[in-house]
Amino acid sequence: MTVFNLYVSGIVYGKLELDPAAPRVRRLDVFAGTLGDWEPITPEISGEYKSFLKMDFLALAEHAGEYPQALCGKGEFQVAGERYTSEDGVHYLQRDVKFPCNKQIEGGKLIAVYCPSREMVSLLVREGCEERTLLRLWRETWPEETLFAVSYAGSFDVPMRDGVALSTDVYLPADVEGKVPAVLARTPYGKEEGCEVYYRYVQRGYAVVIQDVRGRNKSGGEWIPNYYEVEDGDDTLNWIAAQPWSSGSVGMVGGSYLGYVQWAAAASGNPHLKALISVVCAGSAFVDVPRRGGSLNSGMLAWAFAVSQKTFQPELMERDDWQEVLRIRPLSDIPKKALGYEVPFLEKWFQPRANDEFWSRSDWQARWKGAQVPALIQSGWFDDNGMGTTQALELVHDFPAQKRKVILGPWQHSGNSKYDMHGVSFGSQALRFDLDLLYFRWFERYLKGVENGVDRESPVEYYTLGQEKWKTAENWPVPDTVERVLYLTSSGHANTSSGDGLLTWQAPEREGRDSYRYDPQDPAVHIVDMSENELEVPEDYTKEERRKDILCYTTEPLAEDVIITGDMTAELYVSSSAPDTDFVVRVTDVDENGRSIKLADGVLSARYRSGFERAKFLEAGEIACLKIRTTKLSNCFRKGHRIRVTVTSGAENFIFPNSNTREGYNSTVTVVAENTLHHGGIHASKLVVRVEE
């Protein structure tokens, strides 16, 4: 029976025999540093591997003999109920699934199985065929690699400056000589859950420190998301540096909240933090979640429910009654009615106040002390914390080029995990298989001082949709782009209500306006599945755009390709019958058949048009200018396609409806607002974009 070696970030984690009748495995004991004896792959063992590596070994064994027969040549294939595509007749990409298991077939044999996820790649390779796979990249980087067994040093109650103790696990490389750098992960999800993903750092000679953030799992204190993380991160870094095994150099790694805490710790200016690997990091409240643009994100409730108790409960995200939950008023009643108990931090979040001390305390960008910590930043165009990454990109913009590395792909918050997303398909290069290799090279350079050249490579790599290829740049925004303006205007009429407007590169001289009625009891829909906990996915808005409360402004069919790469800003001149209302902007790509795919969006409450520190309500008859920053993108709007900008005031599933009163989103009383967009002349509403020349 053929043996396959299992590699995790280039390290052998086991050996498998994929006999469909009796699949077997030799599992790596990371604490002994040795492989165990052969044993059957039981459903329990297969489940453990699937949780860790996203590979289903029992399913692979069942169909291992079918793949070489069915996957032959170029094109599209169906096998074992799975869809594959291949452009070279060797590499077969699994479509339509999260965490695809791509197959490499050569000479009628299954050579390898590749499975990417947000922060690492798992690789199953036929023994003896390693040099024909991506494993050769690891071997070129570490031709004579020394690996260590993992030693659990214990759990420690690390004291914070106010006396609260945070539960912290430490893992050390066994029998290592001298002091070692540390990799720190701070998490609200339970430090014991998924800790195996960090062992690979220990095996390569790093200490690993995993900590429950304040108020979570086994740590003391009150759980308020984001609130204490600057100070707690600072104190934790000092504790690590004082340990007898520590070299004094610490790197941080992780995604989402685990990305947020990195920037919070770095904001303290702590001298021991030497490197960041920031993946889909969360940002400050009014730029990212939960108060993006001054609204209150309703889409965050799925996550909030999951962290509403002391330990992480992901099953609380999945409900079939989200629509009913989102309509509970007052908002303070939501936890009790939907969960059966109070959630103290949500009570604080539900209060409709400006960017006061409570919110600004968690703004790591505003609190930054100027430290230039080498940062590897990874995110995607459809990441629902993408605005957090936008803040990170602003911070590192003026860092020396060797201290910043940016990877921006066609990914959602779950990252490097899908070729097909909500009916939109990406090219064969959409997923990356070198990210974890890059992580290790980054830490080797900045925690161990190894001159490996990672700091001399292109500072920015980004993927352009439509062209379906990766590009490089020296910075973000991409220097080789020019700022251009798309103007919103009516389709030949001074006043319309149908929203059939035009988007033009020329500034319209004639003034006009378009109006719509926004009813908080019937808001337009932001098309997501709340239980998926992904809020920025591409979707087809063609049907939704027929609503009377959505204004559409569309270019003529493009005479040539237009590549827009970067952040965008909608500058809208608006008036309203209400003292406050929200404005939601979307940018879509409309194909030859009229299918309108959302690529980017932005939102702003009118009361915060002059800043989030205080409310400034609209006056009757006032025409106000709103500047709304959208999520970023790189998209080739193909010849024959059209660029569309839509404007509305509601986004159910994304933000709680503005009541159109001074009470904002948390009012039991709502009124219908007559909202007007002005354009042309001195009120030239527009979208400012960056175009690749």
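**Exercise 1. Helix H7: decide whether helix H7 (residues 257–267) is enclosed or open, and name its buried residues.**

Solution. Start with the cut-offs: buried means under 20% relative accessible area, exposed means over 50%, and partly exposed lies in between, with a 1.4 Å probe and protein chains only. Helices (H or I, at least four residues) and strands (E, at least two) are DSSP runs, numbered from the N terminus. Now count. Eleven of the eleven residues of H7 are buried, so the helix is largely enclosed by the rest of the structure. The buried residues are Tyr257, Leu258, Gly259, Tyr260, Val261, Gln262, Trp263, Ala264, Ala265, Ala266 and Ala267. Then look just past the helix: glycine 269 takes a positive phi of about 80°.

The model is predicted: local features need pLDDT of at least 70, side-chain atom pairs count only at pLDDT 80 or more, and totals for chains, interfaces and linings use all residues. Residues are numbered from 1 along each chain as its sequence is written, and side-chain values use heavy atoms, with hydrogens and water left out.

**Exercise 2. Find the residues with the most contacts inside the largest nonpolar core, and list the contacts of leucine 301.**

Solution. A nonpolar core is a set of buried Ala, Val, Leu, Ile, Met, Phe, Trp, Tyr and Cys residues joined through side-chain atoms within 4.5 Å. The largest such core has 215 residues. Trp263 and Leu301 have the most contacts inside it. Trp263 is also one of the buried residues of H7. Next, take leucine 301. Contact means heavy atoms within 4.5 Å. Leaving aside neighbours within four places in sequence, leucine 301 is in contact with Trp322, Val325, Leu326, Ile334, Leu346, Phe350 and Phe656.

**Exercise 3. Give the strand order of the ten-strand sheet, then its edges and twist.**

Solution. Two strands pair if DSSP finds at least two bridges between them. The sheet is open, and its order is E12-E13-E15-E14-E16-E17-E18-E19-E22-E23. The pairing is mixed. Its edge strands are E12 (150–159) and E23 (469–473), each pairing on one side only. From one strand to the next, the twist averages 20°. Now zoom in on one edge. E12 and E13 (residues 165–173) pair in the antiparallel sense over nine bridges. Serine 151 stands opposite leucine 172 in E13.

**Exercise 4. Place helices H6 and H14 against the strands, and check their spans.**

Solution. Axes are lines fitted to C-alpha atoms, for helices over the stretch in contact, and angles run from 0 to 180 degrees between N-to-C directions. H6 (residues 229–241) lies across E12, E13, E14, E15, E16 and E17. It runs at about 150° to E14. H14 lies across E14, E16, E17, E18 and E19, at about 165° to E17.

Next, the spans. The expected span of a helix is 1.5 Å times one less than its number of residues. H6 has 13 residues and should span 18 Å; its end C-alpha atoms are 18 Å apart, which agrees. H14 (residues 435–447) also has 13 residues, and its expected 18 Å agrees with end C-alpha atoms 18 Å apart.

Last, burial. Twelve of the 13 residues of H6 are buried, so this helix is largely enclosed by the rest of the structure. For H14, 13 of its 13 residues are buried. Just after H14, glycine 449 takes a positive phi of about 75°.

**Exercise 5. Locate glycine 220 and describe its surroundings.**

Solution. Glycine 220 is in the loop between E15 and H6. Its relative accessible area is 26%, so it counts as partly exposed. Not counting residues up to four places away in sequence, glycine 220 touches Val164, Ala165, Leu166, Arg214 and Gly215. The C-alpha atoms of glycine 220 and serine 167 are separated by 7.7 Å, though these residues are 53 apart along the chain.

**Exercise 6. Trace the pairing of strand E9, then check cysteine 101 for a disulfide.**

Solution. E9 (residues 102–106) has four of its five residues buried. E8 (residues 91–94) pairs with E9 in the antiparallel sense over two bridges. Histidine 91 stands opposite glutamine 104 in E9. E9 and E10 (residues 109–116) are also antiparallel, over five bridges. In E10, tyrosine 114 is the bridge partner of asparagine 102. Two residues lie between the strands of the E9 and E10 hairpin, where glycine 107 takes a positive phi near 60°.

Now the cysteine. A disulfide is a pair of cysteine sulfur atoms within 2.5 Å. The whole structure has zero disulfides. Cysteine 101 is in none; the nearest cysteine sulfur, that of cysteine 115, is 4.1 Å away. At 10% relative accessibility, cysteine 101 counts as buried.
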